[in-house]
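Student: Got a minute to go through a model with me? I'd like to start with the overall build and then poke at some details.

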Amino acid sequence: MTNVLTWAADPPGETGAASRRLQALQRSHHAMWNYVTYRDAIALVGLDAEELYPEGTTRLPAEWADLGWLTCFSGPPASAVEAMRAAVAPAALDLYAPDLIEPLRDAAAEVLGRERDATFEVIGTEGAQAGIALALLACVDPGDEVIVGEPGYFHLPSAILVAGGRPVTVRLGPETGFRLDPDAVAAAITPRTRAICMVDPVNPYGTAAREDEVAALAALAERHGVLLVDDVTHGPLAIDPDAPLHPAVGLSERAVATFSVSHCYGMAGARIGFLAGPRGLMRACLQLKAALTRLNTNIVSQRGALAALRDDDYLARAEGVVRANLEHLVETLRDVPGVELAVRPERGLACALDVSASGATAQELMVALFARRVAVYPGDGLGERGAADTVRLNLSNPEPWVMAHVRAVLGEAVAEAASGRWREPVAAMLDGKGTERAARLAARVRGGRLERSPEEERP
């Protein structure tokens with residue numbers, strides 16, 4: 001039977017829990033299943049989830065072009081796999097592992113351009129998401145505000161809500177270079193502000209913060225006594241060599257950085273991430289981690305992560321794949337009217353398409369592509385702005401047939417979506433999500449009977 005908690009409709013009855021944090025999360029479009037997911041497309045196209053995901057796996061069959069999941073398909077590095085195999089032994093499994101082995105702490109600090117010392121330390125987390133959550137739990141009380149960019153990484157607002165805080169969004173778009181604007185952040189700060197969150201490069205656009213922008217955000221954090229959370233998970237992969245990464249932990253003692261080996265290194269299943277910053281705060285975050293999950297960041301994955309972070313040849317190969325796939329996509333888009341890059345990505349493994357001129361919403365196009373064995377994510381999980389107009393693509397698959405398949409089917413998928421073939425099924429699915437934003441998006445899909453709100457303007 002298909003897992004009711006992942007692929008089927010919401011189970012009936014009460015949850016048995018009703019904390020304010022949970023209620024706030026369940027009302028948010030950033031919560032799992034409240035944005036349009038693969039589960040929705042599978043149901044609308046009439047596919048069988050049990051066939052696509054035998055035994056509850058999460059990987060689509062090999063003949064699918066999966067451009068949605070943000071893990072690097074050029075990975076994992078062979079060196080990491082070899083190191084993990086060598087580490088599988090009873091001594092690695094019959095105890096609670098240390099938070100991080102010392103060489104891995106050093107390697108993670110090196111990625112951030114710092115050395116561990118009396119003022120700076122690195123701890124292990126279950127991916128970068130856990131790093132974000134621990135940093136926010138350490139500084140946010142119920143009712144506090146946290147500033148985030150929008151559109152942006154879906155886990156940031158949800159982590160703020162679970163910490164009891166309130167997300168305050170600052171809009172990203174052409175007028176900001178699709179980057180977090182320090183002046184807009186400054187205007188959003190209030191006495192209740194406790195943290196500023198930046199994602200560098202920006203998910204989904206792949207735009208990298210400029211050195212002066214990071215310095216300005218660090219100065220704001222210092223001036224207002226707030227925490228600057230700098231998520232550089234996509235930073236190790238350089239698409240444009242002239243767009244360097246500028247981790248904020250090199251500029252301020254009020255900054256923390258988080259990243260993982262999940263995305264750029266293709267090791268999402270290893271669940272190894274890092275949180276780095278002032279030693280006192282890192283010790284406090286370790287106390288939170290121990291209260292929630294013990295200190296168990298497993299030693300087998302740690303050995304693999306260490307090998308990955310030391311493997312410069314792997315990063316160079318992966319960057320080459322992403323660059324080649326980006327150029328292939330740019331050529332493809334020349335023959336697809338109404339679809340274009342929102343902005344050229346500079347770092348990471350993803351890009352965003354603007355489909356606002358295609359005659360279809362991103363959600364309809366997602367389903368039309370799914371019917372052609374191409375999996376993507378639309379923008380409604382990333383925020384209000386551009387929710388119906390943005391499609392995010394993963395550019396990291398090294399198999400040439402993947403981008404060739406996208407080129408072969410994208411034009412007809414856009415035409416089918418624009419024809420209205422999926423309009424009512426998609427709108428009805430959105431109605432069933434039960435959130436205010438989903439209802440507004442359903443109205444947009446049905447033909448725009450409601451005017452766009454300012455937040456839903458083209459990105």
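Tutor: Sure, let's go from the whole chain down to single residues. Keep in mind that this is a predicted model.

Student: Okay, how many helices and strands does the protein have?

Tutor: There are 17 helices and 13 strands. The radius of gyration is 21 Å, close to the 23 Å that the globule rule gives for 459 residues, so the protein is as compact as a globular protein of that length. Along the principal axes, the C-alpha atoms fill a box of roughly 60 × 50 × 50 Å.

Student: And what percentage of the residues is buried?

Tutor: Buried residues make up 56% of the 459. The accessible surface comes to about 19,100 Å², and 53% of that belongs to carbon and sulfur atoms.

Student: What about contacts along the chain, how many come from residues 24 or more positions apart?

Tutor: Those account for 74% of the contacts with a separation of 6 or more.

Student: Charges, quickly: how many positive and negative side chains?

Tutor: 44 positive and 60 negative, with the centres of the two sets 3 Å apart.

Student: Let's go inside. Which residues touch the most other members of the largest nonpolar core?

Tutor: That core has 117 residues, and the ones with the most contacts to other members are Leu-228, Tyr-265, Phe-274, Leu-309, Leu-329 and Leu-353. There's also another core apart from it, with 22 residues, including Val-146, Ile-160, Leu-275 and Cys-285. As background, nonpolar side chains tend to be buried together in soluble globular proteins.

Student: Pick Tyr-265. What is it in contact with, leaving aside neighbours within four places in sequence?

Tutor: Tyr-265 contacts Cys-72, Gly-75, Pro-76, Pro-77, Pro-236, Ser-260, Ala-308, Leu-309, Tyr-314 and Leu-315. Two of those, Gly-75 and Pro-76, are joined by a cis peptide bond, with omega about -5 degrees. Pro-76 sits in the loop between strand S1 (65-66) and H4.

Student: Where's the other cis bond, the one with omega about 0 degrees?

Tutor: Between Glu-150 and Pro-151. Pro-151 is in the loop linking strand S3 (145-150) to helix H8 (155-162).

Student: Back to Leu-309 for a sec. Which helix has it among its buried residues?

Tutor: H12 does. That helix covers residues 299-309, and ten of its eleven residues are buried, so H12 is largely enclosed by the rest of the structure. The buried set is Ile-299, Val-300, Ser-301, Gln-302, Gly-304, Ala-305, Leu-306, Ala-307, Ala-308 and Leu-309.

Student: What covers those buried residues of H12?

Tutor: The cover includes helices H4 (78-87), H5 (90-93) and H6 (102-111), along with strands S7 (255-260) and S8 (273-277).

Student: And just before H12, where does Asn-296 lie?

Tutor: In the loop between helix H11 (279-293) and H12. Asn-296 counts as partly exposed, at 33% relative accessibility. Beyond four places in sequence, Asn-296 is in contact with Tyr-96, Ala-97 and Glu-126.

Student: Changing topic: Leu-136, buried or exposed?

Tutor: Buried, with 0% relative accessibility. Leu-136 lies in helix H7 (residues 127-139). Not counting residues up to four places away, Leu-136 touches Val-146, Ala-159, Ile-160, Ala-163, Ala-195 and Cys-197. Val-146 and Ile-160 are among the members of that 22-residue core.

Student: How about His-155, which helix is that in?

Tutor: Helix H8. His-155 has 15% relative accessibility, so it counts as buried. Outside the four nearest places in sequence, His-155 touches Gln-129 and Ile-132.

Student: Last one: what's the phi of Glu-55?

Tutor: It's positive, about 60 degrees, although Glu-55 is not a glycine. For context, most residues other than glycine have a negative phi. Glu-55 is in the loop between helix H3 (49-52) and S1, and it's exposed, with a relative accessible area of 85%.

Student: And Arg-373, where does that lie?

Tutor: In the loop between helix H14 (362-370) and strand S11 (374-375). Phi of Arg-373 is near 65 degrees, again a positive value in a residue other than glycine. Arg-373 is partly exposed, with a relative accessible area of 34%.

Definitions and conventions:
Residues are numbered from 1 along each chain as its sequence is written. This is a predicted model: local features need pLDDT of at least 70, side-chain atom pairs count only at pLDDT 80 or more; totals for chains, interfaces and linings use all residues. Side-chain values use heavy atoms; hydrogens and water are left out. A nonpolar core is a set of buried Ala, Val, Leu, Ile, Met, Phe, Trp, Tyr and Cys residues joined through side-chain atoms within 4.5 Å. Buried means under 20% relative accessible area, exposed over 50%, partly exposed in between (1.4 Å probe, protein chains only). Contact means heavy atoms within 4.5 Å. Helices (H or I, at least four residues) and strands (E, at least two) are DSSP runs, numbered from the N terminus. The radius of gyration is taken over C-alpha atoms; the globule rule is 2.2 Å times the number of residues to the power 0.38. Accessible areas come from the Shrake-Rupley method with a 1.4 Å probe; for residues, only the protein chains shown count as cover. Lys and Arg count as positive and Asp and Glu as negative; His and the chain ends are not counted. The place of a charge is taken as NZ of Lys, CZ of Arg, CG of Asp or CD of Glu.
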